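This report looks at a protein chain and the ligand bound to it. The surroundings of the ligand come before the overall fold.

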Amino acid sequence: MAYFNISFDNASVAIVTGGESGIGRATAIKLGRAGVPVVLGYLSDSVAANEAASTIVDGGGKAAAVRADVSDEQAVEALFHFAEQRFGKVDLLVNSAGLNMSGVMLRDMALAQFDRMIRVDLYGPFLSCRRMVRALESAGRGGRIVNVSSIHERAPRPGGADYDAAKGGLAQLTATLALELAPKHIAVNGIAPGMILTPMNQSALDNPQELQRKEAAIPWGRAGMPEEVADLILFLLSPTADYITGTTVTIDGALSLTAAQGA
Ligand code: NAP
């Protein structure tokens, strides 16, 4: 028996960045199936992006794919402008686009590497959130944002200075924006996934031994699936989660709780 139903306002319109792959793709497809018109932002893979949008349209939903580098202010403006012209005011935003850690120790890290990471994983959500809330505030409407962070926003790894700094910054961006926007009923939350089987973990997907070794370190005994993360995102975007704002929800099979064991 279902405990609650996740349904959305008929007027809702969503943008999902990184919508052609992994967590973003799974989220866009579930939103589309839930009846929300979705614009999928993508960077390089137009075939995958259009295939994901077609999956939604073929299922009776509304969707379109738009190329938009989230670190580019004008591209983010064009992404929102397209969504507004095609479907209406955007009141649901998922910032899923992101790069993985470089694996380079800070002393060897080029400024360009650090800069690129901050631009995509931190400026990207900044630009998308800012564009969305400006439009919503001028229309006097509420809305909901989910920023896809990582357990590494708090659990650092050697070689992850770029990624960990970007996601740590994203946690504070999420919390600060939630405080600013609570009176307007625009909710801002983060999610912190652990190991999820998407192209970001392609080496583990391609190598059964690596996957087994990494899954053995997860207390739940397995990696997560993008659809499981998408279900959490849909809940946080839905009216059912109305009173939840300013928090980051961890979804990691208890992986992050294993830090500092054996001390
Ligand atoms: P993914 O399948 O690689 O998706 C990431 C997407 O971001 C790709 O479609 C990529 O497009 C896009 N992207 C990269 N740079 C971009 C840019 N400048 N503008 C627009 N799009 C850009 O990986 P994922 O696992 O779904 O990752 C989604 C989010 O989850 C990321 O923010 C990641 O940090 C976070 N996360 C993932 C895991 C995990 O284990 N998978 C764990 C914790 C957090 P291209 O392929 O064209 O570059």
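## Residues around the ligand

In this predicted model, 28 residues surround the ligand, and Ser21, Ile23, Ser44, Tyr163 and Thr198 come nearest. A residue counts as near if one of its heavy atoms lies within 4 Å. The shell consists of 14 nonpolar, ten polar and four charged residues. Here Asp, Glu, Lys and Arg are charged; Ala, Val, Leu, Ile, Met, Phe, Trp, Tyr, Cys and Pro are nonpolar; the others, Gly among them, are polar.

Helix 1 (22-33), helix 4 (111-139) and helix 5 (161-181) each give two or more residues to this shell.

## Backbone contacts

Polar contacts are pairs of N or O atoms within 3.5 Å. A backbone N or O atom of Ile23 lies 2.8 Å from a ligand oxygen. For Ser96, the corresponding distance to an oxygen atom of the ligand is 3.0 Å, and a polar backbone atom of Gly98 is 3.2 Å from a ligand oxygen.

On its own, the ligand has 880 Å² of accessible area (Shrake-Rupley method, 1.4 Å probe). The protein covers 90% of this area.

## The whole chain

Eight helices and seven strands make up the chain's elements (DSSP runs of H or I, at least four residues, and of E, at least two). The C-alpha atoms fill a box of roughly 50 × 45 × 40 Å along the principal axes.

## Basis of the values

Residues are numbered from 1 along each chain as its sequence is written, and side-chain values use heavy atoms, without hydrogens and water. Local features need pLDDT of at least 70 and side-chain atom pairs 80 or more, while totals for chains, interfaces and linings use all residues.

Note on methods:
Polar contact = N/O pair within 3.5 Å; in protein donor to acceptor, adjacent residues only side chain to side chain.
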